[in-house]
Amino acid sequence: MGMDQDAGLPEWEVAIAGAGPIGLLLAGELAEAGIRTLVLEAAAEPSAIPKANGIVGRSARDIAQRLAGSGLRVVSPPQFPFGPVALHLGSGPRNPLHVLAVPQRRLEQLLEDRALAHGALLRRGHAVAGFVQTDSCVQIDVRGAHGENRVSAAYLVGCDGARSFVRKHAGIGFPGFTSDQIARIARVIIPADAITPAGDGFDIPGIGRVAAMRSNRLPGGGFSIAPLAALDPAAPADLYLISTHEPRGTAEPSDDVPVDELRASIRRVLSADLPFTAATAIRSTIGNSRQADAYRAGRVLLAGDAAHIFNAGGSSLNAGVQDALDLARRFVTTLRGAADVDPIDDPLDGYEAARRPAVDRVLEHTRVQAALSGDDETGRALRAVWEKLVAERAAARAVARLLEAA
Ligand SMILES: Cc1cc2nc3c(=O)[nH]c(=O)nc-3n(C[C@H](O)[C@H](O)[C@H](O)COP(=O)(O)OP(=O)(O)OC[C@H]3O[C@@H](n4cnc5c(N)ncnc54)[C@H](O)[C@@H]3O)c2cc1C
């Protein structure tokens with residue numbers, strides 16, 4: 001089925017490509033407002049690859065409010081990393097930073113449940129494979145195990161991630177740059193007798209003292225370690241999330257890194273072996289810092305990683321959530337607004353003007369975080385100066401306000 005033959009109206013008001021956190025949040029917002037919403041997701045099953053461990057910034061409160069009753073709790077951590085530099089933020093209401101610790105898979109499940117409860121339709125195993133725009137709708141080619149079919153919607157939103165098909169097919173560029181660093185990330189089991197809590201980190205035989213929850217700068221690169229239980233209380237006590245950061249060379253990112261490649265990276269960075277007994281979800285990523293050169297092409301719009309990616313962690317969901325919330329409000333006005341709204345004054349036109357300056361600021365501070373992680377003389381000098389500056393609590397809180405906004 002494509003167009004509603006009797007009314008000549010598209011079948012759906014909004015079709016969303018991608019059931020990641022941003023597509024699912026947008027679907028929930030729209031469906032709650034009674035907008036007929038279809039989510040098309042290429043993958044047949046949700047991805048098991050661990051991604052974000054939480055939402056940092058103003059979006060933490062927005063999401064907690066929408067998922068009230070799910071047991072998620074927003075906190076203002078007394079310490080938080082800004083790249084490799086620790087921000088000591090203190091406690092109480094003057095700490096400006098909000099964090100919602102939630103594994104991304106759980107977040108997606110909660111947002112999916114909410115979207116479906118409000119009446120959105122989610123079709124997994126259905127990839128957006130092409131589309132054409134007419135004056136009144138977008139005709140979308142959908143490909144899946146069942147073959148191909150076509151659906152129509154008044155609008156299509158690409159929430160289909162950094163490599164967005166929707167963005168490319170709409171002819172929207174993605175300017176920016178790719179980092180020369182590679183991060184290898186894994187979940188590892190380190191037996192209790194091989195690691196001892198000490199100070200703000202751990203003592204590891206053969207390695208010495210490493211700080212937890214932030215990057216340790218070493219001659220060979222960066223190393224981070226965090227007990228999973230600090231992020232997910234249900235996680236086993238001997239399970240840790242670790243990552244190494246080092247020059248990329250010719251390496252390509254992968255979702256399936258061999259354990260020997262992880263061990264070799266650890267050895268280069270730490271100049272020693274890490275005593276882990278098992279490693280899972282080993283992957284590598286290369287930082288990108290890019291923003292779409294348009295957020296809208298006619299009836300096609302972009303949100304989340306499809307619109308922007310950052311070369312330092314922690315801010316992507318904050319920015320993507322704000323995209324979805326801003327866009328949802330505009331759709332509600334456009335599709336459900338008062339009859340006397342001037343049709344020339346299209347609320348969707350304001351989407352890019354609202355989001356681009358905010359995302360520009362996130363690009364700025366994530367690029368600063370990446371620069372602070374540099375291993376050359378300049379990087380070391382930057383870190384030394386920044387550490388002195390943010391030793392002042394007021395300065396640390398001013399930097400945290402950058403993380404909070406999006
Ligand atoms: C290891 C790791 C750790 C991270 N940690 C953090 C963190 O701590 N904080 C943070 O804010 N962010 C973090 N991120 C980034 C965060 O995971 C992303 O910003 C987030 O997933 C983006 O959500 P999204 O919905 O925009 O896109 P995605 O989550 O990428 O979802 C896109 C969806 O679109 C689907 N899709 C693709 N093409 C099509 C198509 N043609 N048709 C239909 N569907 C399609 C994909 O299958 C996918 O399900 C991390 C990422 C990684 C990899």
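I'll talk about the shell around the ligand and then about one strand, E19, with its partners.

Before that, some housekeeping. This is a predicted model, where local features need pLDDT of at least 70, side-chain atom pairs count only at pLDDT 80 or more, and totals for chains, interfaces and linings use all residues. Residues are numbered from 1 along each chain as its sequence is written.

Okay, the ligand. It has 33 residues around it, and a residue gets in if its C-beta atom, placed from the backbone, lies within 6 Å of the molecule. Gly 18, Gly 20, Gly 161, Gly 304 and Ser 316 are the closest. Helix H1 (21-32), strand E4 (37-41), strand E11 (126-133) and helix H6 (316-336) each give two or more residues to this shell. Those names are DSSP runs numbered from the N terminus: H or I, at least four residues, for helices, and E, at least two, for strands. So which element gives the most? That's H6, with 4 residues.

By class, the shell has 14 nonpolar, 15 polar and 4 charged residues. Here nonpolar is Ala, Val, Leu, Ile, Met, Phe, Trp, Tyr, Cys and Pro, charged is Asp, Glu, Lys and Arg, and the others, Gly among them, are polar.

Now on to E19, residues 221-227. Of its 7 residues, 6 are buried, meaning 20 or more other C-beta atoms lie within 10 Å of the residue's own, all placed from the backbone. Strands pair if DSSP finds at least two bridges between them. E18 (residues 216-218) runs antiparallel to E19, joined by 3 bridges, and the two make a hairpin with 2 residues between them. Arg 217 has Gly 222 in E19 as its bridge partner. E19 also pairs with E20 (residues 239-247), antiparallel again, over 6 bridges, and there Phe 223 stands opposite Thr 244.

Terms used:
Buried ≥ 20, exposed ≤ 12 C-beta atoms within 10 Å, placed from the backbone.
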